[in-house]
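Good morning, everyone, and thank you for making room for this on the agenda. I would like to walk you through one structure, a piece at a time, and I will raise a few questions along the way.

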Amino acid sequence: MELASVKGSVLDAFEVALIETLKPYMEKVEYSAGDTIFKAGEPSESFYIIESGEVSVEMRDEELDTESVLDYLGPGSFLGEVSVLARTPREVNAVAREDVVAQQVSAAGLRRLFDEAPRDGIDALRALARNAALQLEQASAQVSQSLADSAPDFEVEEMVRKARAAQAEFESWDEERVDALLGDIAETVSGKAQELGEKTMEETHLGRLEDKIAKIGFASMAVYQSLEGKPAAGEIGRDDENKIVELASPVGVVVALVPVTNPVETIVNKVLISLKGRNAIIISSHRMAQVVGDMACTLIREVIEKHGAPADLIQWFVKRTSRRKTSKLMRHEGIGMILATGGQSMVRAAYSSGKPAIGVGAGNAPAWIAPDADLDKAAMAVVVSKGFDYGLICGSEQHLVVDSSIRDDFSAALERQGAVVLDKEGTEKFMAGAFEPTGDLKMLLVGQSAARIAEACGLEVPEDAKLLVFEADASNPEGAQAHERLAPVLSFFTVDGDDEAVELCGKLLDYHGAGHTSNVHTQDQGRIDRFAAAMPTGRVLVNSPSSLGCAGVSTGLPPSLTLGCGTYGGNSTTDNVSYRNLLNIKRVARALDG
């Protein structure tokens, strides 16, 4: 689309005149869908006038799973002129949501305009300033509206109305009929795991296909098997001695926030536990996983319809969503419960919605390798766990806390399992190339292979390297070496004795990620008891791969991908969240004799 073709409808007279003035100084540029046009923090060297396509304007946020879109700009829109005029770095990210054609005007071009035609330059500056002022006024109005706007959203209103009607109809289904429906959903999604995994990789570019497939199968079949045959309506428990009967009823309509790291797995997990409790569910997927989210939800809806259940038991945002729309959904009076899996900003938004919410927290699991650990088994567990899906499971090991007496032997055991243990020089190179100044792993390295991460840092490692393990300073457990990293990357701390080990594990959790998971490899029950008592985590794993243990794959914990962190992590529960968390349980209590 040429700018001339949008002048009459999108651009006003001031902008038309501005474009005519700037024509000699414009350069046509094109971006493919997904390309970053500019990033927050970069120098503001040019601005753009969009001819065709759509651009999202996004907050600068290091949380991968936090929805960050502020606005969408289409043909005729000006992009980035405010920071050019102010001569300040970019405040936001601009990303092409579709293939984009735009005209680029550089700051140098503007200066050339002033030199060659001062009067035209002044007119252009006035028009740009006017346009920028209008944008700022509009942005201010949007912020005010987002903070305190009670106007209903038609889409949200319809979704909640339909969900409530469907839930009321579904509530009377008996246990056998519900389980038959859930079994079919689990088998259908599991049967499409290959296709869903491929679509996830194509859309998100995160993780490893084989592990995506395994996770989808686990979140489908293992979760279903954990709830099959369990009572979830009417009488679900009886204590004859204390004369108490427990009666279950649904919480109603569940809102499920779905992260980009585990989209299909989270959807099917939350659908199964919600429907088990006779609840309806409305799903809001991260914008970077909306295509595969739509695919998974469509599959599930087809099964629901096949079983004669109301189709609107599951609904989802088919088109793009935003913080504002999701916020309106969470705050709606017809919502019963929120299941918030994602970045901390979204979890905080769920808790501040005024609705009951179950959120999760960041993982930053330390793994204490005690002197008496079986080093080969411990190394295998760490490599299997942290390498799984390239470290995207937040309950995976983040830090190895290793006794000095076994440091060299354990390093060798890690290398036998395919990890690369970096020396001091390699660690310095890695730290310089892998992390942002904030200590966060660079976003483009999240969910990537160890070899790809090493290459980005200028390191040479085998192509089949499974982990990168770097040296860390136990006297200073802060910054990049103490953060959570959703990648096959581990810090290696060396300690002297049990006291230092337990103290350091606690400090790491206090610094970032308390509440989620901690891990110890030892044969000594006294060490296990001491570690468990000291760790502020909902899950304390013993001799287990962390990512698999916390989710209930290699342990007897309930299978789940929604793992509460308790008050340690600002959550309402430490449970591996399941259907019982989505029930209202009444207790009928009779007077005791005497």
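Let me begin at the start of helix α15, where a side-chain oxygen of D423 reaches to within 3.3 Å of the backbone nitrogen of E425. Before going further I should say that this is a predicted model, so please keep that in mind throughout.

Staying with α15, which spans residues 424–434, we can ask which of its residues are buried. They are G426, T427, F430, G433 and A434, and because they cover an arc of only 140° around the axis, they come to lie on the same side of α15. On the other side of this helix, K424, E425 and A432 are exposed. So E425, whose backbone nitrogen the side chain of D423 approaches, is itself one of the exposed residues. What do the buried residues of α15 pack against? Their partners are helix α16, residues 450–456, together with the strands β19, residues 467–471, and β20, residues 489–495.

The next helix I would like to show is α11, residues 323–331, in which K325, T326, K328, L329 and M330 are buried. Two of the names in that list are lysines, K325 and K328, and you will meet both of them again in a moment. The cover over the buried residues of α11 includes the helices α5 (154–170) and α12 (344–351), as well as the strands β11 (253–258), β12 (280–285) and β14 (337–340).

Let us look at one of those neighbours, α5, with some care. As a reminder for those new to this, two packed helices are described by the angle between their axes and the distance between the axes. For α5 and α11 the angle is about 35°, and the axes are 10 Å apart, with α5 passing α11 in a right-handed crossing. Which residues meet where these two helices pack? From α5 we have E155, V156 and V160, and from α11 we have K325, K328 and L329.

Now I turn to the sheets, beginning with an open one of 4 strands, in the order β1-β8-β3-β6 and with antiparallel pairing. Its edge strands are β1, residues 26–31, and β6, residues 78–79, each of which pairs on one side only. Strand β3, residues 46–52, is joined to β6 by 2 bridges in the antiparallel sense, and the bridge partner of I49 in β6 is F78. Helix α3, residues 107–116, lies across β3 and β8, and runs at about 50° to β8, which covers residues 100–106.

There is also an open sheet of 4 strands in the order β2-β7-β4-β5, again with antiparallel pairing. Here β2 (36–38) and β5 (69–73) stand at the edges, and since each has a single partner strand, one side of each is left without a neighbour in the sheet. From one strand to the next, the twist averages 30°. The antiparallel pair β2 and β7 (residues 93–96) is joined by 2 bridges, and in this pair F38 stands opposite A94 of β7.

Further along the chain is strand β10, residues 244–250, and 5 of its 7 residues are buried, so the strand is largely enclosed by the rest of the structure. How many bridges join β9 to β10? There are 5, with β9, residues 234–239, running antiparallel to β10, and G234 stands opposite A248. These two strands form a hairpin with 4 residues between them, and K243 in the turn has a positive phi of about 55°. Strand β10 is also joined by 7 bridges to β23, residues 583–589, again antiparallel, with S249 opposite N584.

That positive phi leads me to my last topic. Most residues other than glycine have a negative phi. D389, however, is not a glycine and has a positive phi of about 50°, and its place is in the loop between α13 (375–387) and β17 (397–403). N543 is another such residue, with phi near 55°, in the loop between β22 (537–542) and α19 (546–550). Is each of them buried or partly exposed? D389 is buried, with a relative accessible area of 0%, whereas N543 is partly exposed, at 36%.

Thank you for listening, and I am glad to go back to any part of this.

Methods. Residues are numbered from 1 along each chain as its sequence is written. This is a predicted model: local features need pLDDT of at least 70, side-chain atom pairs count only at pLDDT 80 or more; totals for chains, interfaces and linings use all residues. Side-chain values use heavy atoms; hydrogens and water are left out. Two strands pair if DSSP finds at least two bridges between them. Contact means heavy atoms within 4.5 Å. Axes are lines fitted to C-alpha atoms, for helices over the stretch in contact, and angles run from 0 to 180 degrees between N-to-C directions. Buried means under 20% relative accessible area, exposed over 50%, partly exposed in between (1.4 Å probe, protein chains only). The arc is that of the directions from the helix axis to the C-beta atoms. A polar contact is a pair of N or O atoms within 3.5 Å; within protein, one must be able to donate a hydrogen and the other to accept it, and residues adjacent in sequence count only if both atoms are side-chain atoms. A crossing is left-handed if the near helix is turned anticlockwise from the far one by less than a right angle, and right-handed if clockwise.
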